[in-house]
Amino acid sequence: MLRPDRVVRTTCPYCGVGCTLDLHIHDDTIYEVQAPWDGVANRGLLCVKGRYGLDFIDHPHRITRPLVRKQPQRAGARTPAQSLDDWVEVSWDEALDLVAERLVRIYREHGPRALAAYGSAKATNEDNYLLQKMFRALFQTHSVDHCARLCHASTVAALQAAIGSAAMSNTALEVLETEVALVAGSNTTENHPVIGAFIKRAVAERGVKLIVVDPRRIELADYATLWLPLKPGTNVPLFSAIAHVIIREGWYNADFVREHTVGFEEFARAMEKFTPEFAEQVTGVPAADIIEAARLYAQADRAMLFWGMGMTQFAHGTASVLSIVHLALLTGHVGRVGTGLNPLRGQNNVQGASDMGVLSSVYPGYMKVSDPASAAHWERVWNLPPGTLPTEPGLTVTEILKAAGPEGVRGLYVMGENPLMSEPNLAEAEEHLRQVDFLVVQDLFLNETGVYADVFLPAASFAEKDGTFTNTDRRVQRVRQALSPRGQARPDWAILADLARRIEAKLGLDYTAGWDYRHPAEIWDEVAAAVPAYRGISYDRIEKVGLQWPVPSPDHPGTPFLYANGFPSGKGRFFPLDFPEAPEPASRQYPFTMTTGRLLEHWHGGTMTRHSDLDALYPMPIVEVHPVDAAALGIADGDPVRVSSRRGSVVVRARVTEKATPGVVFLPFHFAEAAANLLTLDVVDPQAKIPHYKATPVRLDPAPEAALVNPVWMPRGRR
Ligand code: SF4
């Protein structure tokens, strides 16, 4: 039996659960991953991604030396590099000098708003902190954003408006201590599998009542007391009808509403029209089930709300999230163990990247960029002359590419993101990317975005560097170097610090914002000194177990649940909602509604999982179709099908399954050969700027085998 040279404890790089991993290392290679019983977020559990999905680190397609294009790109004529022959390997000095020179030239000739950056929900807190520091402190632009914009921006907007804070309020494992769990728009057993396992355990072993709100018959529906299969995009009428019943039946907590909320009277009047019978017509959920859901949730002593992207990814995403937040404000199911408002954050460090200020409207710690006091604070922290930092917010992820061109964004820095898989309406996004003058991509692989880059900077993987991730329940946990960086790859923080020093030199500044970090712990200490919520967190304190912010002092134990003493905004606010219009209604030509999402075996744009053995477990894109719809279309399980929207089409095999509901089809978004986002709509929520990913009118037509880009078929039963 192979014995490990050493065992290194770290944190999973995939989802927001933040599972603790013990990496067994032999000969500088991970040969086994174990889940320690004292891993506080996973207690000995791992899903297939954490246990078997880390071999992307040594995939032969990984890029491990800096690359520069042989032919410089011309604006408006950008073409993808078709092979490595289109690039030349260069030294780090050459690559970073070129990046510094081009970014500084764009800044000098066109000003701060000509530059923008994508941070990464996969990178560490320290990496993300340095990226936003570099663009803000050196280029005076707040156009630094990341994919939180695409998953939970509407959660942030709604929670900020309703209670003044946007993070998950409680700890996911408190589901074992609740009475009722309501899970909305979250396929938890595939997207947050370990939390999904604890929800199943809560039902099976603790008698917790589970209410599942989802258009698909996801696995959790089999464990649910109630499954409410609403039509995609009808969250507002459904949750407003639940609120209507709670108010009508007098099941709300009048003392809590009086003492801790404002706006109830106007809200109650707005809810009058959302009768269960009206909601049944528009959502498809029986009125009796809506009433029963209201009774179960409101009459419990402790009840938890969990939600995912099925609540957030709509052009009315903020209203959608407000509609579920109202239930907690009505019943007072907050501020105690086993209660709360719990948005399940998707990526491993999407909470942390947001906390670090990789959002165009806030600095680290959610200090508003529009507030001059915030600017003054960060000018002191970064040793900048007073007045350096602007108070005008920057561009969001969904605005950056649209602004590309001679009058807008000319220089774009993409760290660990793949917008040409994640943006809606991809064909148009690709056209926008072609307008960028100078594109830098910092990643592990030349993904769909990387092939358009002028300079590619090879980053170290999570297992080749130190740092911290913050999981979905606000726990800051250590990431530890277990392997030597492959080839010449470097940690993102080290690349950024080196680049920032070169930019400062080229700008000829007579001060420095400070970039001489020897270890990411020094970066963390800078954050902790500047942001009150992290003041008590140090690498020493999280050596064994992470801490949940806020941790205001070195002797504070961390905060497993929030709002025990009220909301940050003082009182929770109700919002009188109306029934939102669909931005693109179904029609005779496009009669089905397409939802998109993840599969257990894959992760987002597939940059990691499709370079792992996991790809062999689920090697092909599919579209899930209900048997009734399949029969009407003359489609059998495994047949090629063309799925078309008003923007494009893809050909995939049909998976005929009762997991789909009639009229609703599901397309996973991991597969470049059938990219779901070629079909999605780029209309965004006006407040949160999150796209309308979850309800796209489409049509389905039988297609010939020859039209399949990926003809692999995995017969039923393998999964
Ligand atoms: Fe990693 Fe999430 Fe799976 Fe845990 S549940 S092993 S964090 S992907």
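The questions and answers below concern a predicted model.

Trainee: How is the aromatic pair of W378 and W382 arranged: stacked, edge-to-face or tilted?

Mentor: A pair of aromatic rings is described by the distance of the centres and the angle of the planes. For W378 and W382 the centres are 5.0 Å apart and the planes stand at 40 degrees. Planes under 30 degrees apart would count as stacked and those over 60 as edge-to-face, so this pair is tilted.

Trainee: Is W382 buried or exposed?

Mentor: The cut-off for buried is under 20% relative accessible area. W382 has a relative accessible area of 0%, so this residue is buried.

Trainee: Which residues do ring pairs link into a cluster with F139?

Mentor: The structure holds 19 aromatic pairs. F139 is found in helix 3 and is buried, with a relative accessible area of 0%. Beyond its neighbours within four places in sequence, F139 is in contact with residues including L103, V104, P112 and I503. The cluster linked by ring pairs joins F139 to Y107, F135 and Y413.

Trainee: At what angle do helix 3 and helix 21 pack?

Mentor: Two packed helices are described by the angle between their axes and the distance between the axes. Helix 3 covers residues 125-139 and helix 21 residues 520-530, and their axes are 9 Å apart. On the helix 3 side the meeting residues include Y129 and K133, and on the helix 21 side they include I523 and W524. The crossing is left-handed, and the packing angle is about 65 degrees.

Trainee: Which strands are the edge strands of the open sheet?

Mentor: Three strands form this sheet in the order 1-2-3, with antiparallel pairing. An edge strand here pairs on one side only, and this holds for strand 1 (6-11) and strand 3 (29-34).

Trainee: In strand 2, which residue is the bridge partner of R9?

Mentor: Strands of a sheet pair through backbone hydrogen bonds, either parallel or antiparallel. Strand 1 and strand 2 (residues 20-26) pair in the antiparallel sense over six bridges. In strand 2, the partner of R9 is D22.

Trainee: Over the ring of which residue does the charged end of R474 sit?

Mentor: Two arginines can be placed over tryptophan rings here. R69 lies over the face of W87, at 5.3 Å from the ring centre. The charged end of R474 is 6.0 Å from the centre of its ring, and that ring belongs to W549.

How values were computed: Residues are numbered from 1 along each chain as its sequence is written. This is a predicted model: local features need pLDDT of at least 70, side-chain atom pairs count only at pLDDT 80 or more; totals for chains, interfaces and linings use all residues. Side-chain values use heavy atoms; hydrogens and water are left out. Rings of Phe, Tyr and Trp (its six-membered ring) pair if their centres lie within 6.5 Å; planes under 30 degrees apart count as stacked, over 60 as edge-to-face and the rest as tilted. Buried means under 20% relative accessible area, exposed over 50%, partly exposed in between (1.4 Å probe, protein chains only). A charge sits over a ring if NZ of Lys or CZ of Arg is within 6 Å of the ring centre and within 35 degrees of the ring normal. Two strands pair if DSSP finds at least two bridges between them. Helices (H or I, at least four residues) and strands (E, at least two) are DSSP runs, numbered from the N terminus. Axes are lines fitted to C-alpha atoms, for helices over the stretch in contact, and angles run from 0 to 180 degrees between N-to-C directions. A crossing is left-handed if the near helix is turned anticlockwise from the far one by less than a right angle, and right-handed if clockwise. Contact means heavy atoms within 4.5 Å.
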